Amino acid sequence: MVTLTFTACVTKKYTRPELSSQAEKYRNVETATTNFATVNWRTFFADPYLIALIDTALQNNFDIKKAESQMRAAEEYLKRSKAAFAPSVGANLGMGIKGVNAGGTLKPVGMLSLQANTLVQSPAVAATWEIDIWGKLASAKRSARAQLEQSQAYYQAMQTQLIAAIASAYYALISYDNELQIYEASAQTREESLEVLKALKEAAKTNEVSVNQGAAQYYYTLATIPQVKINIQTTENLIAVLLGKPPMEIKRSTIFDAQFGEVDYLQTGIPAQLLANRPDLVAAEKALIAAHEQWNYTRAAMYPSLVISGNIGFDATNFANWFSFPQSFVGQLLAGLTAPIFAQRQLKTQRNVAAENKLQAIYNYEYTMLAAQREVSDAFITYLLSKESIENQKLQVAQLNHAISGSLELLKSGKASYLDLLFAQDNALNSAVGLVRYYLQNTYAKIELYRSLGGGWK
């Protein structure tokens, strides 16, 4: 009871700080009680090729392996902090020379005549035990446990980021595939248009300038195709590295086959749920708890330590005499308070620095919460508004494709100029590529919304 009273006076129990930055709901998001981030990532990502890639990455990715190593190191520190509560025991086999004055009278040093057989063997077992009257050792243990839990949360955060990174790169790869198809189809269409322009020139229905413009447009499209292929291969290489493998080709679906699981993206929950769902927020709070317990430790270190020590052993001239009890038996038991009188300045500095570290951990915790809310809000509004862009872009693509057909027929009949055709083809190409990119933007938003709500680690 006395020890508990002393501990309560010196160390303070951790309480979660009130976050001034925590909103009641996300911006532009209706409040919902459920959260689709609780869906397992295998259900969320329905594409079998993508699931296989993520499985491989979770086994081979080097950042994941480093996070696992950090967890194992934190486990060792926790074991050490637990061991501090037990006595420290050591064994010793000492040997030395014991000198005795044969004459029995005092003589100057250097004139002693030693008796024979003065080689002494002293095997002994010694132990020291610090009684944790101020809660110092308990604080160290709680700090080590919080650091272990922080490393576990960091591992989970790395997993969510890895899954999101692979999914984003995977869908970017599909998007580039579709862009390549669009540019190749456009190149074929422009080549055909160029042949029409050449025929019209031969029939004196157009001039050399129109042929040159048509050829320039055709070669521009051909020049763009290698750039898209560069994006494809570099994205494949990026995914391969995330998998822990050398650059290689990545198997994938088309954008029409690639799908997500059936989830309601409006079910985002409330910001308070992020404290349990997002591993980076969990890690930030565990870092705060560790800093709080380190502050407790430095406060307790300023008080005297109660240490019990003792040793038992034998003191004899040879092995045969070790067990001549009680003549050769020796032992002692001591208890005392050790006060850090001359190290007070050093201990005050450690306490003050620990207090500042705790304050910094609070700031980091609150900022992490604020950043998490922003990420959710950004992803949600991007998801909603990009859907509107997709629907309108589809209509534009359809209209421009009709414009190309109409312009070509009018050009053949001499009722339109080649500029009308070139203009329609340019707009149609840009609109088709824009539609693919809006699809990708919407897909990115889905992935980011899932990650930012804390999905991917359960």
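A cavity is a set of points, on a 1 Å grid over the protein atoms alone, where a 1.4 Å probe fits but cannot get out; a pocket is an open set with protein on both sides within 12 Å along at least five of seven lines, and lining residues have an atom within 4 Å of a point. Grid points are joined across faces, edges and corners, and a volume is the space filled by probe spheres set on the points.

Keep those terms at hand for the tour. The model is predicted, so local features need pLDDT of at least 70 and side-chain atom pairs count only at pLDDT 80 or more, while totals for chains, interfaces and linings use all residues. Residues are numbered from 1 along each chain as its sequence is written, and side-chain values use heavy atoms, with hydrogens and water left out.

**Stop 1: the whole chain**

Start with a cartoon view. The chain has 10 helices and 4 strands; these are DSSP runs, helices being H or I with at least four residues and strands E with at least two, numbered from the N terminus. Follow the sequence and you will meet them in the order α-α-α-α-β-β-α-α-α-α-β-β-α-α. Of the 458 residues, 41% are buried, where buried means under 20% relative accessible area, exposed over 50% and partly exposed in between, with a 1.4 Å probe and protein chains only.

**Stop 2: the cavities**

Rolling a probe the size of a water molecule over the atoms shows where empty space is left. This structure holds 3 cavities of 30 Å³ or more, and the largest cavity has a volume of about 60 Å³. Select A157, T160, Q161, R278, P279, D280, R451 and G454 to see its lining. Both α5 and α8 give two or more residues to the lining of the largest cavity, and α5 gives the most, with 3 residues. By type, this lining divides into 2 nonpolar, 3 polar and 3 charged residues. Here Ala, Val, Leu, Ile, Met, Phe, Trp, Tyr, Cys and Pro count as nonpolar, Asp, Glu, Lys and Arg as charged, and the others, Gly among them, as polar.

**Stop 3: an open pocket**

Next, select Y77, R80, S81, A84, L137, A140, S143, A144, Q147, Q294 and Y297, which line the second largest pocket. The elements giving two or more residues to this lining are α4 (62–83), α5 (136–202) and α8 (279–300). The volume of the second largest pocket is about 270 Å³. Which element gives the largest share of its lining? That is α5, with 5 residues. The lining of the second largest pocket has 6 nonpolar, 4 polar and 1 charged residue.

Now pick out A84 from that lining, in the loop between α4 and β1 (88–97). A84 counts as partly exposed because its relative accessibility is 34%. The C-alpha atoms of A84 and L137 are 6.9 Å apart, with their positions 53 residues apart along the chain.

**Stop 4: aromatic rings**

Show the side chains of F36, F44, F45 and Y450, which form one aromatic cluster. Rings of Phe, Tyr and Trp (its six-membered ring) pair if their centres lie within 6.5 Å; planes under 30 degrees apart count as stacked, over 60 as edge-to-face and the rest as tilted. The count by this rule is 8 aromatic pairs. In one of them, the rings of F44 and F45 have centres 4.8 Å apart and planes at 80 degrees, so the pair is edge-to-face. Are F44 and F45 buried or exposed? Both F44 and F45 are buried.

F45 also pairs edge-to-face with Y450, at 6.1 Å centre to centre and 85 degrees between the planes. Because F45 lies in the loop between α2 (41–44) and α3 (48–60) and Y450 in helix α10 (residues 418–452), this pair ties together parts that are 405 residues apart in sequence. Like F45, Y450 is buried.

**Stop 5: a charge and a polar contact**

Select K358 and W295: K358 lies over the face of W295, 4.6 Å from the ring centre. A charge sits over a ring if NZ of Lys or CZ of Arg is within 6 Å of the ring centre and within 35 degrees of the ring normal.

Then go to S253, in the loop between α6 (208–242) and α7 (274–277). S253 counts as buried because its relative accessibility is 13%. Its side chain and that of D47 are joined by a polar contact of 2.8 Å. Such a contact is a pair of N or O atoms within 3.5 Å; within protein, one must be able to donate a hydrogen and the other to accept it, and residues adjacent in sequence count only if both atoms are side-chain atoms.
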